[in-house]
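Good morning, and thank you for joining the group meeting. I ask you to look at the sequence and the structure together while I speak.

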Amino acid sequence: MTELIRIDPEKLEEELIDRVVNVFKKGGLVAFPTETVYGLGALVSKRDSIRRIYEVKGRPMDNPLIIHVDKVEMFIEYSREPPDVIVDLLKRFWPGPLTVVYWRNNKVPDEATASLPKAAFRSPAHPVALEFIKRVGEAIAAPSANKSGKPSPTRAEHVYRDLYGLVDVIVDSGDTLYGVESTIIDFTVNPPRLLRPGAIPVEVVEEHIGVKIDIPPEARGLSEFKEALAPGMKYRHYAPDAELVVVETRDYVVKLSKLIETVRKLVVEAKDRFRKIAILCSEETCGSYVDLNVYLFNIGSRENLFTVAKRLFSALRDLDENNIEFAVAEGFEELGLGLTIMNRLRKASMGNVILVD
Ligand code: TXA
Ligand code: MG
């Protein structure tokens with residue numbers, strides 16, 4: 001049985017918080033809101049519960065979870081003497097959507113980290129999540145609360161769809177603020193390496209630490225799908241049921257009309273093969289497709305990538321809700337949050353990318 005509990009982040013009603021805290025303490029699985037996406041949590045000390053997270057998500061066992069802490073002090077409790085530069089960085093950005101990968105000690109069980117000697121840590125900037133961590137008195141291990149391979153949930157309804165009946169509690173606190181996951185940086189290597197672009201632009205972190213962060217092709221969403229072509233080697237990510245194509249260019253000002261032409265051509269050609277077709281377009285361009293008579297999802301203005309990132313996962317889920325069979329998504333400039341958006345889009349399309357030049 002899955003219990004649904006609505007918690008107003010501004011009220012944090014004692015009785016409701018108590019109910020959820022008890023479920024955590026008994027080893028239950030709780031889907032809970034953070035400022036990025038909903039997470040599926042268990043107490044870090046409950047090894048069996050952590051194993052259950054992998055089962056209900058259908059998550060490959062070699063993909064470790066994030067250890068959610070309330071404060072920097074709790075991170076220090078679970079890690080191996082982090083240097084001042086990391087502690088300072090976290091004091092600046094926590095609570096918030098920055099995840100650091102650092103050496104862990106044995107208070108973090110192997111189950112949560114796929115037996116790696118390092119773990120990913122973050123402190124979520126959401127009153128409900130923080131209250132849970134404080135009240136249970138230990139860290140909460142949690143991945144995003146979606147079925148493996150699906151877009152991360154940005155509202156409780158998305159969690160119901162994927163995990164109803166499989167988890168003990170779903171806490172509903174409405175839409176998440178960022179709608180996209182945290183930025184993950186590995187600080188066990190030098191220079192630090194971006195593992196996943198996310199809600200905090202990597203440039204902002206670089207400016208604070210005064211060091212260039214290494215951005216490998218995987219972080220752009222560019223190389224993992226090559227491996228994916230080898231059977232069973234890599235996983236689907238964020239993927240809608242529809243076949244998805246992403247149309248990119250290196251200059252979204254000069255080449256925008258050419259990009260629109262390419263999207264139109266792809267849609268016209270697809271009409272022979274598919275009945276239900278959609279375009280994920282921007283505020284600036286959606287009007288150029290109206291005559292095509294396909295579903296248009298406006299995911300926001302090119303001038304406001306915060307909104308685009310926020311709407312993206314929800315739009316990918318809307319494709320499924322509307323039984324879309326084929327979709328074309330416009331790309332966005334790969335700066336700031338644009339890197340995060342392009343990572344998700346390229347992965348969602350499984351490398352089905354067309355570059356307009
Ligand atoms: O915003 C977020 O980060 C959300 C909310 C719920 O906190 N969580 C989230 O978790 O997106 P998940 O499991 O979907 O993604 C965690 C990522 C995975 O890609 C995993 O590979 C990486 O963190 N990760 C975790 N531990 C790691 C480690 N020790 N080394 C390298 N990567 C790690
Ligand atoms: Mg995830």
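How much space lies in the largest pocket? The answer is about 1,200 Å³. A pocket here is an open set of points, on a 1 Å grid over the protein atoms alone, where a 1.4 Å probe fits, with protein on both sides within 12 Å along at least five of seven lines. Its volume is the space filled by probe spheres set on the points, which are joined across faces, edges and corners.

Before going further, I should state that this is a predicted model, in which local features need pLDDT of at least 70 and side-chain atom pairs count only at pLDDT 80 or more, whereas totals for chains, interfaces and linings use all residues. Residues are numbered from 1 along each chain as its sequence is written, chains are lettered from A and ligands numbered from 1 in the order in which they are written, and side-chain values use heavy atoms, with hydrogens and water left out.

The largest pocket is lined by 48 residues, and Arg59, Asn63, Pro64, Ile184 and Arg196 are the closest to its centre; a lining residue has an atom within 4 Å of a point. By class, this lining comprises 19 nonpolar, 13 polar and 16 charged residues. Nonpolar means Ala, Val, Leu, Ile, Met, Phe, Trp, Tyr, Cys and Pro, charged means Asp, Glu, Lys and Arg, and the others, Gly among them, are polar.

Where does ligand 1 sit? Ligand 1 sits in the largest pocket, a statement that requires more than half of its atoms to lie within 2 Å of the grid points. Around ligand 1 there are 22 residues, of which Thr36, Arg59, Asn63, His68 and Ser182 come nearest; a residue counts if one of its heavy atoms lies within 4 Å. The strand β6 (118–122) gives the most to this shell, with 4 residues. Strands are DSSP runs of E, at least two residues long, and helices are runs of H or I, at least four, numbered from the N terminus.

Let us turn to the polar contacts, which are pairs of N or O atoms within 3.5 Å. A polar side-chain atom of Ser182 is 2.5 Å from an oxygen atom of ligand 1. For Arg196 the corresponding distance is 2.8 Å, and for Ser144 it is 2.9 Å. Taken alone, ligand 1 exposes 680 Å², and the protein buries 87% of that, with accessible areas from the Shrake-Rupley method and a 1.4 Å probe.

Key:
Polar contact = N/O pair within 3.5 Å; in protein donor to acceptor, adjacent residues only side chain to side chain.
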